[in-house]
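The following exercises concern the reading of a single protein model. Each task is followed by a solution in steps.

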Amino acid sequence: MRDSRPQSLDVLFEDAAAIEKSPLHVVQQRAVALLKLNRAVISLLPAQLHPWCRVANYRKQILVLEAGNASWMTRLRYELPTLLSALRSEILPSLSSIDIRINPSLMVKHDNSAQSFAKTMNNSHKNSPVRRLSQESAKELIVLANRSPKKLKERLERLAALAGESANTANKKR
């Protein structure tokens, strides 16, 4: 008679006799392989694309990637030659092509994180220290301005005039 009590999923994966036969184990292995492949692909992409792209599948030597929308898909297409050669040389020598599909759920999932990221970036610019031009740099700019054409000379002199001024816009000359 079978034991019909509820069991943890860990028990299903740990049963030594059923490991190779279990469809759950096959699914788990596939999921782990896709997660590792996703990490590898993300590490090869530029940082801006990380939240908006992911590996969807790998079958018949074709890697299927998902992008959040058409604009991210276009940016991802620019990276395809580099990505394809890197994956072929390092991870998937049998890779024949990369297919990109749009998955709008990526945009919904990361929409809140994108907004919070934008807020963080705006706040970091407000709190960043004010840059000031030193008197030595201003003198060097004046020397350079004296040897420059008229338009460049005017701009360099205006830049040199900023030396020593505070960040307060009321003190700046326009």
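**Exercise 1. The hairpin loop**

Is glutamine 61 buried, partly exposed or exposed?

Solution. Residues are numbered from 1 along each chain as its sequence is written, and side-chain values use heavy atoms, with hydrogens and water left out. The model is predicted: local features need pLDDT of at least 70, side-chain atom pairs count only at pLDDT 80 or more, and totals for chains, interfaces and linings use all residues.

Step 1. The classes rest on relative accessible area, where buried means under 20%, exposed over 50% and partly exposed in between (1.4 Å probe, protein chains only).

Step 2. Glutamine 61 has a relative accessible area of 38% and is therefore partly exposed. Its place is in the loop between E1 and E2. Lysine 60 is in the loop between E1 and E2 as well, but with a relative accessible area of 71% lysine 60 is exposed.

Step 3. Consider the backbone. Most residues other than glycine have a negative phi. Lysine 60, although not a glycine, has a positive phi of about 50°, and glutamine 61, also not a glycine, has a positive phi of about 60°.

**Exercise 2. The pairing of the strands**

Determine how E2 pairs with E1 and with E3, and state which residues stand opposite one another.

Solution. Step 1. Helices (H or I, at least four residues) and strands (E, at least two) are DSSP runs, numbered from the N terminus. Two strands pair if DSSP finds at least two bridges between them.

Step 2. Strand E1 (residues 53–59) and strand E2 (residues 62–67) run antiparallel and are joined by six bridges. In this register, cysteine 53 is opposite alanine 67, and valine 55 is opposite leucine 65. Two residues lie between the strands of the hairpin.

Step 3. With strand E3 (residues 97–102), E2 pairs in the parallel sense, again over six bridges. Here isoleucine 62 faces serine 97.

Step 4. Five of the six residues of E2 are buried, so E2 is largely enclosed by the rest of the structure. In E1, by contrast, arginine 59 counts as partly exposed, because its relative accessibility is 40%. The C-alpha atoms of arginine 59 and leucine 95 are 9.5 Å apart in space, with the two positions 36 residues apart in sequence numbering.

**Exercise 3. The geometry of H3**

Where does H3 bend, and by about how much?

Solution. Step 1. Begin with the length of the helix. H3 (residues 70–90) has 21 residues and reaches 28 Å from its first C-alpha to its last, close to the expected 30 Å. The expected span is 1.5 Å times one less than the number of residues.

Step 2. Next, locate the bend, defined at a residue as the angle between axes fitted to the seven residues ending there and the seven starting there. H3 bends by about 50° at glutamate 79, and proline 81 follows within four residues.

Step 3. Finally, list the buried positions of H3: Trp72, Met73, Leu76, Leu80, Leu83, Leu84, Ala86 and Leu87. An α-helix has 3.6 residues a turn, so residues three or four places apart point the same way.

**Exercise 4. Helices H4 and H2**

Which residues does leucine 106 touch, not counting residues up to four places away in sequence?

Solution. Step 1. Leucine 106 lies in helix H4 (residues 105–127). It counts as buried because its relative accessibility is 2%.

Step 2. A contact means heavy atoms within 4.5 Å. On that basis leucine 106 touches Trp52, Cys53, Arg54, Glu66, Ala67 and Gly68. Leucine 106 and tryptophan 52 are 54 residues apart in sequence, yet their C-alpha atoms are 6.2 Å apart.

Step 3. For H2 (residues 23–44), take alanine 33. Alanine 33 counts as partly exposed, because its relative accessibility is 43%. Its C-alpha atom is separated by 9.6 Å from that of tyrosine 58, 25 residues away along the chain.

**Exercise 5. The whole chain and its confidence**

Describe the order of elements, and identify where pLDDT stays under 50.

Solution. Step 1. The protein has six helices and three strands, in the order α-α-β-β-α-β-α-α-α from the N terminus.

Step 2. Of the 174 residues, 25% are buried. Among contacts between residues at least 6 apart in sequence, 56% join residues at least 24 apart.

Step 3. pLDDT is the predictor's confidence in each residue, from 0 to 100. Its mean is 80, and 70% of the residues reach 70 or more. Over residues 166–174 pLDDT stays under 50, and the model has nine contacts beyond four places in sequence for them. Where pLDDT is low, the predicted coordinates should not be read in detail.
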